[in-house]
Amino acid sequence: STSTRDVSEGGRVSYSFNIEQSGDYLASALVLPPDASSNSLFLNIDRDPTSPDMIWDISYAKALVWQTASWRGGGTPKAPQYSPKVFHMEAGPHTLIVVGRESNLEIDKFRLDFYK
């Protein structure tokens, strides 16, 4: 079991993994934002999430919940216009990189799901 990691502003966490089959994938995480004002992070696969477009706004929850990565869209947290971010990856090793955007967002685990 993985312990929860605090991804505070500017903090960095990376997860290395291998995939068996090339294709499109969705990334999900077991996350806990401490409140509605600390519920976003930067996320990307195989390179640093440096673009402001690579912000993942996480729906506020009072406990650890699985949520699918969605880069910020044109909506607002109360009326989101987000769609899941689809990552195309070749078979082999990859690294998911998370950089903290706000204080105290907690991440427990990540998973990848094949997107059809």
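Which residues have the most contacts inside the largest nonpolar core? I kept this question at the top of the page and worked towards it from the outline of the chain.

**Entry 1: the model.** I noted before anything else that this is a predicted model. The protein chain averages a pLDDT of 84, and 89% of the residues score at least 70. Looking element by element, I found the lowest mean pLDDT, 74, in strand β1, which covers residues 5–7, while the highest, 94, belongs to strand β7 at residues 86–89.

**Entry 2: the outline.** I looked up the secondary structure and found 9 strands and 0 helices in the protein chain, so that read from the N terminus the elements run β-β-β-β-β-β-β-β-β. I then checked how far apart in sequence the contacting residues lie: of the contacts with a separation of 6 or more, 76% are between residues 24 or more positions apart. The chain has 116 residues, of which 41% count as buried, and I recorded an accessible surface of about 6,500 Å², with 47% of this belonging to carbon and sulfur atoms.

**Entry 3: the sheet.** I followed an open sheet of 4 strands, which are arranged in the order β2-β8-β4-β5 with antiparallel pairing. Its edge strands are β2, at 12–19, and β5, at 55–57, each of which pairs on one side only. From one strand to the next, the twist averages 30°. As a reminder to myself, strands of a sheet pair through backbone hydrogen bonds, either parallel or antiparallel. I looked at one pair in detail: β2 and strand β8, residues 92–100, are joined in the antiparallel sense over 8 bridges, and Ser16 stands opposite Thr95 in β8.

**Entry 4: the core.** Returning to my opening question, I found that the largest nonpolar core has 24 residues, and that those with the most contacts inside it are Leu41, Leu43, Trp56, Leu96, Val98, Ile107 and Phe110. Two or more residues of this core come from each of β2, β3 (23–32), β4 (40–45), β7, β8 and β9 (105–114). I took Leu41 as an example and, leaving out residues up to four places away in sequence, listed what Leu41 touches: Met54, Ile55, Trp56, Ile58, Val98, Val99, Arg101, Leu105 and Ile107.

**Entry 5: Tyr15 in β2.** I next asked whether Tyr15 is buried or exposed. Tyr15, which is found in strand β2, counts as buried because its relative accessibility is 14%, and the cut-off for buried is under 20%. Apart from neighbours within four places in sequence, Tyr15 is in contact with Arg5, His94, Thr95, Leu96, Ile107, Asp108 and Phe110. I also noted that Tyr15 and Ile97, although 82 residues apart in sequence, are 6.6 Å apart in space from C-alpha to C-alpha.

**Entry 6: Asp57 in β5.** I turned to Asp57, which lies in strand β5, and found that Asp57 is buried, since its relative accessible area is 13%. Setting aside neighbours within four places in sequence, I listed Asn39, Ser40, Ser70, Arg72 and Tyr82 as the contacts of Asp57.

**Entry 7: the end of the chain.** Where is Lys116 found? I located Lys116 in the segment after β9, and Lys116 counts as exposed because its relative accessible area is 85%, the cut-off for exposed being over 50%. I closed the page with one more distance: the C-alpha atoms of Lys116 and Asp24, which are 92 residues apart along the chain, are separated by 7.3 Å.

Technical notes. Residues numbered from 1 in each chain as written. Predicted model: local features only at pLDDT ≥ 70, side-chain atom pairs only at ≥ 80, totals over all residues. Heavy atoms only, no water. pLDDT = per-residue confidence, 0-100. Pairing = 2+ DSSP bridges. Axes fitted to C-alpha atoms, helices over the stretch in contact; angles between N-to-C directions. Buried < 20%, exposed > 50% of the residue type's maximum accessible area, 1.4 Å probe, protein only. Contact = heavy atoms within 4.5 Å. Areas by Shrake-Rupley, 256 points an atom, 1.4 Å probe, with all protein chains shown as cover. Core = buried A, V, L, I, M, F, W, Y, C linked by side-chain atoms within 4.5 Å.
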